[in-house]
Amino acid sequence: MAYDAFKAQYEADAIALVKSKQPIDISIPYDAAAKLAYEASDKSMAYDAFKAQYEADAIALVKSKQPIDISIPYDAAAKL
């Protein structure tokens, strides 16, 4: 094999190797949870309406899990 042919083949192989090692996009879409829930549902409503309801339900669930402030103010005895 002549040097010129070897060089061309080597460069082509090197370029193919570099291209094969390019980063892969593994990002998760913002509404992935809503999409998964919609796919698992009976699809009785449009996706846009389902997504809005899903997000409202998720927000309500998070709010319901927030701790309730049961602390007693330092001057509670003075207010009696």
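1. A surface patch is taken here to consist of residues with over 30% relative accessible area and no salt bridge, nonpolar side chains being joined within 5 Å. In this predicted model, Met-1, Tyr-3, Phe-6 and Tyr-10 form such a nonpolar patch, and together they account for about 580 Å² of accessible area.

2. Of the patch members, Tyr-10 may be examined individually. This residue belongs to helix H1, which spans residues 3–20. Its relative accessible area is 54%; the threshold for an exposed residue is over 50%, and Tyr-10 is therefore classed as exposed.

3. The model contains 4 aromatic pairs under the ring-centre criterion. In one of them, Phe-50 and Tyr-54, the ring centres lie 6.2 Å apart and the planes meet at 20°, so the pair is stacked. The cut-off behind that label is an angle under 30 degrees between the planes.

4. The stacked partners share a helix: Phe-50 and Tyr-54 both lie in H3 (residues 47–64), with a spacing of 4 residues, or about one turn. In general, an α-helix has 3.6 residues a turn, so residues three or four places apart point the same way. The two partners may also be described by their accessibility. Phe-50 is buried, with a relative accessible area of 15%, whereas Tyr-54 is partly exposed at 31%.

5. The aromatic contacts extend beyond this pair. Tyr-38, Tyr-47, Phe-50 and Tyr-54 form one aromatic cluster. Tyr-38 also has a charged neighbour, for the charged end of Lys-43 sits over the Tyr-38 ring, 6.0 Å from the ring centre.

6. Which residues of helix H2 are buried? In this helix, comprising residues 32–40, they are Ala-32, Ala-34 and Tyr-38. They lie on the same side of H2, because the arc they cover around the axis is only 160°. The face turned away from that buried side carries Leu-36 and Ala-40, both of which are exposed. Tyr-38 thus links two descriptions: it is a buried residue of H2 and a member of the aromatic cluster.

7. Lys-43 merits attention for its backbone as well as its side chain. The residue is found in the loop between H2 and H3, and its phi is near 55°, a positive value in a residue other than glycine. As a general matter, most residues other than glycine have a negative phi. Lys-43 is partly exposed, with a relative accessible area of 39%, and its charged end is the group placed over the ring of Tyr-38.

Methods: Residues are numbered from 1 along each chain as its sequence is written. This is a predicted model: local features need pLDDT of at least 70, side-chain atom pairs count only at pLDDT 80 or more; totals for chains, interfaces and linings use all residues. Side-chain values use heavy atoms; hydrogens and water are left out. Patches are made of residues with over 30% relative accessible area and no salt bridge: like charges are joined within 9 Å, nonpolar side chains (Val, Leu, Ile, Met, Phe, Trp, Tyr) within 5 Å. Accessible areas come from the Shrake-Rupley method with a 1.4 Å probe; for residues, only the protein chains shown count as cover. A salt bridge is a side-chain nitrogen of Lys or Arg within 4 Å of a carboxyl oxygen of Asp or Glu. Buried means under 20% relative accessible area, exposed over 50%, partly exposed in between (1.4 Å probe, protein chains only). Rings of Phe, Tyr and Trp (its six-membered ring) pair if their centres lie within 6.5 Å; planes under 30 degrees apart count as stacked, over 60 as edge-to-face and the rest as tilted. A charge sits over a ring if NZ of Lys or CZ of Arg is within 6 Å of the ring centre and within 35 degrees of the ring normal. The arc is that of the directions from the helix axis to the C-beta atoms.
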